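Subject: The structure for you to look at

Hi there,

Here is the structure I promised to send you. Please open it next to this email, and then read on for what turned up in it.

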Protein chains: 2
Amino acid sequence: MTNIQQVAKQAGVSVATVSRVMNGQNTVSSKTRIKVEEAIKSLNYEPSILGRNLRNSESRIFLILIPSISNPFYLEIIKGIEYIALSQNYNILLCETDSNPEKENIYFDLVRKKMADGIISMDPAVNIETLKVLAEKYSIIQCSEYSTDSGIPYVTINNEEASYRAVKHLIQIGHKKIALMNSDGKFLYSRQREEGYQRALEEHGLSLNDDYIFYTKHLGFEHGQQAMKKILALQDRPTAVFAVSDLLAIGALKEVNASGLHVPNDIAVVGFDKIDFSSMTNPTLTTIAQPMYKMGTVAAEMLIEKIKGNEVDSVILDHELVIREST
Amino acid sequence: MTNIQQVAKQAGVSVATVSRVMNGQNTVSSKTRIKVEEAIKSLNYEPSILGRNLRNSESRIFLILIPSISNPFYLEIIKGIEYIALSQNYNILLCETDSNPEKENIYFDLVRKKMADGIISMDPAVNIETLKVLAEKYSIIQCSEYSTDSGIPYVTINNEEASYRAVKHLIQIGHKKIALMNSDGKFLYSRQREEGYQRALEEHGLSLNDDYIFYTKHLGFEHGQQAMKKILALQDRPTAVFAVSDLLAIGALKEVNASGLHVPNDIAVVGFDKIDFSSMTNPTLTTIAQPMYKMGTVAAEMLIEKIKGNEVDSVILDHELVIREST
DNA sequence: TACTATAATGTAATCGTTTACATTATAAAC
DNA sequence: GTTTATAATGTAAACGATTACATTATAGTA
């Protein structure tokens, strides 16, 4: 491995000059610049990021905390983050926490030990207390999922409003008996989406029926199936279901199909997130599209600002209702 | 940020001793060990990985090269890699190449610049020449997709045999007219799977019909739809389709459904990979399961051996046919 | 030509570890 | 109480970059 000293020697200059050439500083005369560039080429020199990082005491890495890589919801966000990261010479470490505090801690350690410059957390189950403490010393941004009172900046959509729009859509196409398939109420987004659901019903003079609200433990496909089973077994069966995630909704679709009923004629279904698969199902799924890529780029930009030491404000982005075959 | 000197001072020992305590060496008397540990605790000392990495000239990071994070096929493999990586104190940088040489190069630079200790490549479109050159100086393992003559160790399944088994299954349940939905023939796996398809037909006395072989540009859902459209338009329509990826197969399913035909009664479909979604479709998909998690762990172990400087041999793992509703 | 102002380059400290080697403390043996 | 073997600790040099500050070269001016 050639290092900067060897290049300096070969070129007959000092290491400082080589460093200046490497970093594109304009205080080097073109004669020496050429000498140095030739030496670099002839020795095949590649500057060690390890050395540079130590000196600059930065790692140019940031962490993305997600509960599970298998959840397609995060993919577009990650792409957005990555785009900004790469353009600013950062790299991202994708950290699957499994919502497991132990694993979470492995990753938190990375930032404590300066192996990472900052964190974008998308894990709704993250230990918010630890995060808060960490945020005092390190740069942290919350993305999609957040806790207001943590004081940690976040980027998200207006979940209440999005949910309201989804349910309103169902009402407008004639549904009066609308079930809600929600996840665990301990998550903020879950509570907000339920509020939107309620508001839509109230505003249109429909009464709230607790029997029509189902909570699932996770957002996965199987949970959607199970919940749908219960819905189908109801005496007074709803004619529409609003699920707070596409995976839930797809599970629901599958269950309706299996029972011999038809979507949307017998039961309409609306999802949330617009994951890739929501257009591959049969029928395709009406869903709420979050500007996920944008959310990623914004989160990354916020984090970089934070790392630079600047204050950043939280951001709320727009969503969109995508009407497809399931309604 | 406290550093090792401050801890040494606080504990009244030398930095060497603190380092020894940190690294669990047993040449430290228990009295001093306790002193040091107290100092560490009281100062909240966390050793800087930057310093350590430079000194050890390692980054304890390795790269995973995949064409696209959106392809669920890689997820289980990644989990396997991650499991081994974490257990050995490595971290992984997930690198989406988009099969774009420029992006690829950004990541190759990371290893050239010592920001990464090795690479696990899963990109079928990787520039194999560059990879070969790189492999002379750095540690590289090919996973799932590989090139034999590169001399770079790989882990994979027997694609020819797996494909043979899938087609044989279709023949055994009575199909005689079986289409192959293949990807671009420039990929090794693609050629191997086609060979398996041919062998199964030949062995059962079925003639090879070129009109039944369709090539798609990518492995995505839409490409499966398009190919299926062509298949459905054939005069002498096949009764079964073997697709070399689940996403293709799911696209095919959707298209058959849309055309009013029934799977598997009118047309049976077999996929490849057993991605999560293959059990969520309607009907569920018969597919070839690769031991993806295992493939990941093996690849990671191989890479770590390679980084240690040991020679490693290539590995071929077993696959499995999962029969579900689509056949 | 001599004197400045400025541009170009060099010197050496620094980031925070680890570790070969040197030194000192401790215990065992006589 | 020496001597000796061994255990425990310390010293200082890496690792490979960046950069404040010092120095030297260059050009401009009178």
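A:Ile92 counts as buried, because 21 C-beta neighbours lie inside 10 Å of it, and a residue needs 20 or more of them to be called buried. You will find A:Ile92 in strand E2 of chain A. Leaving out residues up to four places away in sequence, A:Ile92 touches A:Phe62, A:Ile64, A:Ile81, A:Glu82 and A:Ala85. If you would like a distance to check on your screen, try A:Ile92 and A:Arg20: they are 72 residues apart along the chain, and their C-alpha atoms are separated by 27 Å. Please keep in mind throughout that this is a predicted model.

**How the two chains meet**

Strand E2 of chain A also brings us to the contact between the chains. On one side are 33 residues of chain A, and on the other 33 residues of chain B. Which elements of chain A give two or more residues to its side of this contact? They are helix H4 (49–56), helix H5 (73–87), strand E2 (91–96), helix H6 (101–112) and helix H11 (246–258). H4(A) gives the most, with 5 residues. Sorted by class, the side of chain A that touches chain B has 16 nonpolar, 9 polar and 8 charged residues.

Now try laying one chain on the other. A turn of 180° with a shift of 0.1 Å along the axis puts chain A on chain B with an RMSD of 0.1 Å. That is the relation of a two-fold axis. The same surface serves both copies, as 100% of the contact residues of chain A recur in chain B. To find the rotation axis in chain A, look for A:Leu93: of the residues of that chain it comes closest to the axis, at 2.7 Å (C-alpha).

**Around the DNA**

Next, have a look at the DNA strands. There are 30 residues around DNA strand C, and those that come nearest are A:Val13, A:Thr32, B:Ile4, B:Ser19 and B:Gly51. Both chains take part: helix H2 (15–22), helix H3 (30–43) and H4 of chain A each supply at least two residues of this surface, as do helix H1 (4–11), helix H2 (15–22) and helix H4 (49–56) of chain B. The residues near DNA strand C divide into 12 nonpolar, 13 polar and 5 charged.

Around DNA strand D there are 28 residues, of which A:Asn3, A:Ser19, A:Gly51, B:Ala16 and B:Thr32 come nearest. Here the elements that give two or more residues are H2 and H4 of chain A together with H2 and H4 of chain B. By class, the surface near DNA strand D has 12 nonpolar, 12 polar and 4 charged residues.

**Strand E9 in chain A**

Is strand E9 (residues 268–273) of chain A largely enclosed or open? In this strand 6 of the 6 residues are buried, so it is largely enclosed by the rest of the structure. E9(A) pairs in the parallel sense with strand E8 (residues 240–243) over 3 bridges, and one bridge to look for has A:Val241 with its partner A:Val269. E9(A) also pairs with strand E10 (residues 286–289) of chain A, again in the parallel sense, over 4 bridges. There A:Asp273 stands opposite A:Ala289. With helix H11 included, E8(A), H11(A) and E9(A) make a right-handed β-α-β unit.

**Two places to visit in chain B**

In a regular strand the side chains alternate between the two faces of the sheet. Strand E7 (residues 213–216) of chain B lets you see this: B:Phe214 and B:Thr216 point to one face and are buried, while B:Ile213 and B:Tyr215 point to the other and are not. Strand E6 (residues 178–183) of chain B runs parallel to E7(B), and 4 bridges join them. B:Ser183 has B:Thr216 as its bridge partner. E6(B), helix H9 (residues 188–203) and E7(B) make a right-handed β-α-β unit.

Last, go to B:Arg165 in helix H8 (residues 159–172) of chain B. B:Arg165 is partly exposed, with 17 other C-beta atoms within 10 Å. Along the chain B:Arg165 and B:Ile288 are 123 residues apart, yet their C-alpha atoms are separated by 8.7 Å. B:Ile288 is itself the bridge partner of B:Phe272.

Happy exploring, and best wishes!

Notes. Residues are numbered from 1 along each chain as its sequence is written. Chains are lettered from A and ligands numbered from 1 in the order in which they are written. This is a predicted model: local features need pLDDT of at least 70, side-chain atom pairs count only at pLDDT 80 or more; totals for chains, interfaces and linings use all residues. Two residues are in contact if their C-beta atoms, placed from the backbone, lie within 7 Å. Ala, Val, Leu, Ile, Met, Phe, Trp, Tyr, Cys and Pro count as nonpolar, Asp, Glu, Lys and Arg as charged, and the others, Gly among them, as polar. Copies are superposed by least squares on the C-alpha atoms of residues with pLDDT of at least 70 in both. A residue is near a molecule or strand if its C-beta atom, placed from the backbone, lies within 6 Å of it. A residue is buried if 20 or more other C-beta atoms lie within 10 Å of its own, exposed if 12 or fewer, and partly exposed in between; C-beta atoms are placed from the backbone. Two strands pair if DSSP finds at least two bridges between them. A crossover is right-handed if, with the strands pointing away from the viewer, the path from the first strand over the helix to the second runs clockwise.
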